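Let's work through a few exercises together. Have a look at the sequence and the model first, then try each task before you read its solution.

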Amino acid sequence: MSAPIPPVANAPRRILMGPGPSDTHTRVLAALAQPTVGHLDPYFLKIMNEVQAMLRVVFQTTNPLTIAVSGTGSAGMEACVVNLVSPGDRMVVGVNGVFGGRMKDVAERAGAVVHAMERPFGEVFTLEEIEKAVKTHKPQVVGIVHAETSTGACQPMEGIAKIVHDAGAVLIMDCVTSLGGRPVRIDDWGVDAAYSGTQKCLSCPPGLSPLTFGPRALERLDARKTKVQSWYLDLSMVRNYWAESSRVYHHTAPINMNYGLHEALRIVLEEGLDVRFARHLKNHYALRAGLTALGIQFAVAEENRLPMLNAVFIPQGVDDAAVRSRLLNEFGIEIGAGLGPMKGKTWRIGLMGETSCPRNVLNFLAALENCLSAQKFPMQAGAGIAAANDVYQ
Ligand SMILES: Cc1ncc(COP(=O)(O)O)c(C=O)c1O
């Protein structure tokens with residue numbers, strides 16, 4: 001069989017203001033291009049140790065089992081669930097968006113009897129609701145999404161672990177979109193297992209899933225009577241590859257992806273977590289001011305908004321797809337469409353990691369005004385940029 005050889009890949013330069021991936025720093029791209037070494041090469045083992053140490057800082061944890069799972073955020077989700085759930089276990093999952101729904105699906109496939117604790121998209125759970133669900137359903141595992149990328153809502157985490165632990169269960173937290181963009185305090189919050197993704201606020205291409213397991217989660221893993229459903233994600237084996245003392249081959253690690261994550265984490269720590277969180281907030285405030293001045297409403301109550309994922313209602317009479325494709329084709333800006341029941345109703349404007357900067361906020365507001373005026377949307381010309389500039393002055 002023969003096929004014509006296609007031309008060399010020549011990716012367009014975009015400004016990634018969607019729900020992820022975010023823009024990648026050139027230092028990370030350069031790190032990805034370093035020579036590939038073996039997965040047990042002493043150089044790579046050193047990189048792994050350093051990735052683990054930096055991930056502990058970003059996760060705010062001392063958990064020894066803090067690693068980069070091979071695979072995207074969904075692999076981290078699956079790793080947490082399949083290692084902590086045995087067939088027949090009860091699990092309560094908070095479903096207030098697409099990713100809570102995905103966790104429920106993963107848990108059911110792993111044989112859990114799942115109770116979905118539901119909330120309308122865009123809302124978050126109260127401690128009372130969580131306590132009621134835990135008391136009623138007596139789960140062994142509870143799963144919750146900290147930053148729901150499908151809706152732009154941030155779940156307050158304080159107090160949840162106590163309810164879960166008092167009931168003898170363990171808590172899994174999805175922090176795919178929050179890690180590196182707003183505080184994720186694994187130890188302070190008492191979270192037992194958490195996972196993230198590289199392509200959001202860490203600004204590394206997609207391909208690895210930072211994961212951390214605390215003592216209660218490890219105890220549960222060690223006490224399993226049945227094999228973990230997934231061979232690839234079985235942490236009882238994977239951890240021997242990441243443990244400094246053993247280094248037993250399990251699968252061939254994505255070497256260059258780990259170089260990329262290593263550099264991305266160095267950039268995060270050079271900036272400093274608090275400075276980085278403040279930057280995400282400031283750019284969110286500027287974007288919020290600009291959008292509000294244009295008459296665009298946020299889909300999430302102010303107190304629960306994620307700074308890195310701005311979900312806004314598409315104004316009446318405006319053609320969703322036409323605006324998104326004009327932004328992409330004329331201005332090179334990608335924003336996200338609404339997901340699930342928000343499809344066609346919201347835009348998701350990401351300000352994650354490298355993408356979160358005044359240049360992108362101001363460019364975006366100018367480009368959006370251009371797209372909206374092409375659709376005769378009534379607004380005061382320049383109002384968005386002026387309002388954003390007020391925040392930056
Ligand atoms: C909150 C959340 N959880 C899980 C995932 C799944 O991650 P991935 O698409 O990297 O597999 C995503 C991806 O957007 C997400 O936003």
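**Exercise 1.** In which sense do β8 and strand β9 (residues 193-195) pair, and over how many bridges?

*Solution.* A quick note before we start: this is a predicted model, where local features need pLDDT of at least 70, side-chain atom pairs count only at pLDDT 80 or more, and totals for chains, interfaces and linings use all residues. Residues are numbered from 1 along each chain as its sequence is written.

Step one is the vocabulary: strands (E, at least two residues) and helices (H or I, at least four) are DSSP runs numbered from the N terminus, and two strands pair if DSSP finds at least two bridges between them. Step two is the answer: β8 and β9 pair in the parallel sense, over three bridges. One of the residues to look for is I172, whose bridge partner in β9 is A193.

Step three brings in another neighbour. Strand β5 (residues 141-145) also pairs with β8 in the parallel sense, here over five bridges. In this pairing, V142 stands opposite L171 in β8.

**Exercise 2.** Work out how well covered strand β8 (residues 170-174) is.

*Solution.* Start with the yardstick: a residue is buried if 20 or more other C-beta atoms lie within 10 Å of its own, exposed if 12 or fewer, and partly exposed in between, with C-beta atoms placed from the backbone. Now count: five of the five residues of β8 are buried, so the strand is mostly covered. Then split them by face. V170, I172 and D174 are on one side, L171 and M173 are on the other, and all are buried. That fits a simple pattern: in a regular strand the side chains alternate between the two faces of the sheet.

**Exercise 3.** Find the strand order of the open three-stranded sheet, and explain why two of its strands have a free side.

*Solution.* The order is β11-β14-β13, with antiparallel pairing. β11 (309-313) and β13 (336-337) stand at the edges with a single partner strand each, so one side of each has no neighbour in the sheet.

Next, zoom in on one pair. β11 and strand β14 (residues 346-350) are joined in the antiparallel sense over five bridges. Among the partners, L309 goes with G350 in β14, and N310 goes with I349. Being at an edge doesn't leave β11 out in the open, though: four of its five residues are buried, so the rest of the structure largely encloses it.

**Exercise 4.** Check whether the length of helix α12 (residues 320-331) agrees or disagrees with its residue count.

*Solution.* The expected span is 1.5 Å times one less than the number of residues. For the 12 residues of α12 that gives 16 Å, and the end C-alpha atoms are 16 Å apart, so the two agree. Right after α12 comes G332, with a positive phi near 70°.

**Exercise 5.** Where are K138 and S203 found, and is each one buried or partly exposed?

*Solution.* Take K138 to begin with. K138 sits in the loop between α5 (127-137) and β5, and its phi is positive, about 45°, although it is not a glycine. With 13 C-beta neighbours inside 10 Å, K138 is partly exposed.

Now S203, in the loop between β9 and β10 (208-213). Its phi is also positive, near 55°, and again the residue is not a glycine. S203 is buried, with 26 other C-beta atoms within 10 Å. Why bother with these angles? Because most residues other than glycine have a negative phi, and most peptide bonds are trans.

While you're checking the backbone, find the cis peptide bond joining G20 and P21, with omega about 5°. P21 lies in the loop between β1 (15-16) and α1 (26-32).

**Exercise 6.** Which two domains make up the division of the chain, and how many residues of each touch the other?

*Solution.* An automatic or database domain assignment sets the bounds: domain 1 is 26-269 and domain 2 is 273-392. Their centres, taken over C-alpha atoms, are 29 Å apart. Counting contacts (C-beta atoms, placed from the backbone, within 7 Å), 21 residues of domain 1 meet 21 residues of domain 2.
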